[in-house]
Amino acid sequence: MLTNYFIMIQTLFHTSENENSYIFDDQSRLSMLIHPELIKASEKSVDNESYYSKKYEYLKKYGFFGTPKLANIDIISESMVKESIIQTKQIVFEVTDSCNLRCTYCAYGELYEGFDTRNQKNINVDYAIKLLKYVFGLKYKNKNNKLNIGFYGGEPLLNIKFIKQIVRLVNQYKQEKELDVSYTMTTNATLIHKCIPFLVENKFRLLISLDGNAKNHSYRSFSNNKNSFEKVIENIDFIQNEYREYFEQNVNFNAVLHNRNSVKEIYEFIYSRYHKIPRISELTFDGLNPSKKAIHDKIFHSKRKSEYEYQKEESNLLPVVELSIFQELSDFLKYNSVNFYLSNIADVWHGVEKYVPTSTCLPFQRKILLTTRGKLLACEKISYNKFALGEVGKEVKIDISEIVNKYNLYYNYMIKHCQNCYEYRFCGVCLFRMKNFDKLGSEDFVCDRFQDYSDFKNKLYHLFSFIEKYPANYSQIIENTILE
């Protein structure tokens with residue numbers, strides 16, 4: 001409800017599944033294990049011990065339990081966008097909009113709207129080269145020499161000619177400009193047997209789409225409705241057997257969760273066969289075609305629910321896999337705990353922190369996507385029709401002023417929500433993938449990820465219960481994420 005948006009952020013108490021008591025203070029980013037008597041002291045209970053009354057007053061003196069505050073939310077500037085373009089980590093090419101599979105839940109299929117019509121179109125080579133020269137020039141001038149080149153589709157291997165052209169050109173550029181370039185590709189792996197030596201030679205990191213066993217994978221079919229599973233497995237096995245070191249270092253998997261598989265089945269099939277932990281994603285609601293909602297709802301399977309069922313089985317794989325709560329804990333420790341300051345000394349020094357609404361990437365901060373239609377986007381997961389940020393034709397056109405105005409218009413709508421949300425530091429939600437983005441700015445808009453006092457308290461309950469149950473995961477996050 002909208003009334004939630006006017007509850008300002010304050011220090012809170014919470015418990016865990018083991019009934020341990022904790023305190024969390026947003027301003028200091030401090031979480032502490034406490035005695036329950038401290039909670040009584042804060043409530044001015046008549047039977048509390050004087051020691052805890054003094055401890056409560058001490059904490060209050062040093063900033064805990066102060067006047068509830070609004071989060072310090074900011075907007076973006078032209079200089080921030082320019083710097084994002086210069087520092088971008090990846091250029092992604094939509095190599096082709098063609099695909100040799102007809103996956104039932106495809107983001108470019110009948111279940112969804114908002115993308116450019118698929119018409120067997122390949123990317124324009126000249127446009128791709130112009131974009132490369134544009135970004136390479138910025139990288140060279142600013143001495144930021146790391147860049148990843150990604151290939152996406154459709155099925156990118158249907159246009160292997162383009163991929164080879166770009167790799168040949170980039171390999172020349174990176175020597176001249178002294179750039180550190182790597183290559184990635186997302187593929188369904190049905191055609192990969194034709195070009196493995198090329199991919200191995202250029203050290204491509206591959207993200208292969210695999211939903212589990214034959215039944216789990218059955219939504220990924222050829223145009224004749226034949227399951228692609230056997231061909232995919234044949235090709236993956238070939239890579240593993242013939243290029244074992246390459247496979248171990250460069251091949252990973254992506255699975256889509258639906259009503260024909262589960263988190264358990266996906267993890268256990270892929271890990272037992274290939275000793276890899278796959279990424280698992282739900283079907284998206286973004287751009288859902290209203291007339292296909294019933295089909296979507298039938299296929300949809302909640303990742304959180306499936307993970308919960310998996311956790312109850314006490315599988316030997318659980319300490320290895322990264323469940324959603326593991327990622328949530330990583331984000332909490334990185335942004336909402338004192339560990340934040342270990343990798344953000346500047347914030348400690350200057351003492352001023354400002355946050356852009358939501359966790360939407362700054363324009364081109366992570367990647368620049370060039371589509372087959374010559375559009376430039378910040379991501380392949382958002383609407384091509386609504387959120388293009390530029391184009392490539394005779395030249396690369398990026399109107400930074402227009403981008404800033406557009407983003408800040410959206411952000412100004414979000415500020416009143418984000419300022420009162422306990423997840424304002426890192427909510428994990430992209431503005432452009434919100435279920436009701438079209439209502440942004442109206443009285444009907446409600447952020448489905450908004451966290452008020454009780455929501456955040458419930459989240460902390462689950463996070464700290466997880467820490468208590470799997471303390472090794474806490475250490476792993478600190479060592480590999482916070483202290484990396």
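Reader: Happy to be looking at this one with you! How many disulfides does the count come to?

Author: Good place to start, and do keep in mind that this is a predicted model. A disulfide here needs two cysteine sulfur atoms within 2.5 Å. Cys103 is in no disulfide, as its nearest cysteine sulfur, that of Cys99, is 6.0 Å away. By this rule, the count is zero.

Reader: Why is Cys361 without a bond to Cys430?

Author: Let's look at where Cys361 sits and what is around it. With a relative accessible area of 25%, Cys361 is partly exposed, whereas Cys103 is buried at 17%. The closest cysteine sulfur to that of Cys361 belongs to Cys430, and it is too far for a bond, because the distance is 6.7 Å.

Reader: Now to the strands. Which strands are the edge strands of the sheet of 10 strands?

Author: This open sheet has mixed pairing and runs in the order E9-E8-E7-E6-E5-E4-E10-E11-E12-E13. An edge strand pairs on one side only. That description fits strand E9 (279-281) and strand E13 (396-397).

Reader: Inside that sheet, which residue of E10 is the bridge partner of Val92?

Author: Val92 falls within strand E4, residues 90-94. E4 runs parallel to strand E10 (residues 368-370), and three bridges join the two. In E10, the partner of Val92 is Leu369.

Reader: How many residues of strand E8 are buried?

Author: Strand E8 covers residues 251-256 and has a partner on each side, so to speak: look at E7 and E9 in the order of the sheet. Strand E7 (residues 205-209) pairs with E8 in the parallel sense over four bridges, with Ile208 opposite Phe253. E8 and E9 also run parallel, joined by three bridges, and Val256 stands opposite Ser281. E8 is mostly covered, and the number of its six residues that are buried is five.

Reader: There is also a sheet of three strands. Which strands stand at its edges?

Author: This open sheet is antiparallel, in the order E1-E2-E3. A strand with a single partner has one side left without a neighbour in the sheet, and that holds for strand E1 (12-15) and E3.

Reader: Which helix packs on that sheet?

Author: Neighbouring strands of this sheet are turned by 30 degrees against each other on average, direction ignored. The helix in question touches E1, E2 and E3, and its direction makes about 45 degrees with that of E1. It spans residues 453-469 and is helix H15.

Reader: Which residue in E3 does Asp25 stand opposite?

Author: E2 and E3 pair in the antiparallel sense, over five bridges. In that pairing, the residue of E3 opposite Asp25 is Leu30.

Reader: And Arg29, just beside it in sequence: is it buried or exposed?

Author: Arg29 is placed in the loop between strand E2 (21-25) and strand E3 (30-34). Leaving aside neighbours within four places in sequence, Arg29 is in contact with several residues, including Tyr335, Phe340, Glu353 and Arg425. Its relative accessible area is 1%, and anything under 20% counts as buried, so the answer for Arg29 is buried.

Reader: Which side chain is joined to that of Arg29 by a polar contact of 2.7 Å?

Author: The contacts of Arg29 also include Asn336, Ser337 and Tyr355. Of the residues in contact with Arg29, the one whose side chain makes this polar contact of 2.7 Å is Tyr355.

Reader: On to the rings. How far apart in the chain are Phe24 and Phe332?

Author: The whole structure holds 38 aromatic pairs. Phe24 and Phe332 form a tilted one, with 5.8 Å centre to centre and 45 degrees between the planes. Both of these residues are buried. Phe24 is in strand E2 and Phe332 in helix H12 (residues 324-335), which puts them apart by 308 residues.

Reader: What kind of aromatic pair do Tyr410 and Phe437 form?

Author: Tyr410 lies in helix H14 (residues 400-418) and Phe437 in the loop between H14 and H15, so the pair ties together parts 27 residues apart in sequence. Tyr410 is buried at 14%, and Phe437 is buried at 12%. The centres are 5.3 Å apart and the planes make 75 degrees, which makes the pair edge-to-face.

Technical notes: Residues numbered from 1 in each chain as written. Predicted model: local features only at pLDDT ≥ 70, side-chain atom pairs only at ≥ 80, totals over all residues. Heavy atoms only, no water. Buried < 20%, exposed > 50% of the residue type's maximum accessible area, 1.4 Å probe, protein only. Polar contact = N/O pair within 3.5 Å; in protein donor to acceptor, adjacent residues only side chain to side chain. Contact = heavy atoms within 4.5 Å. Pairing = 2+ DSSP bridges. Axes fitted to C-alpha atoms, helices over the stretch in contact; angles between N-to-C directions. Phe/Tyr/Trp six-rings, centres within 6.5 Å; stacked < 30°, edge-to-face > 60°.
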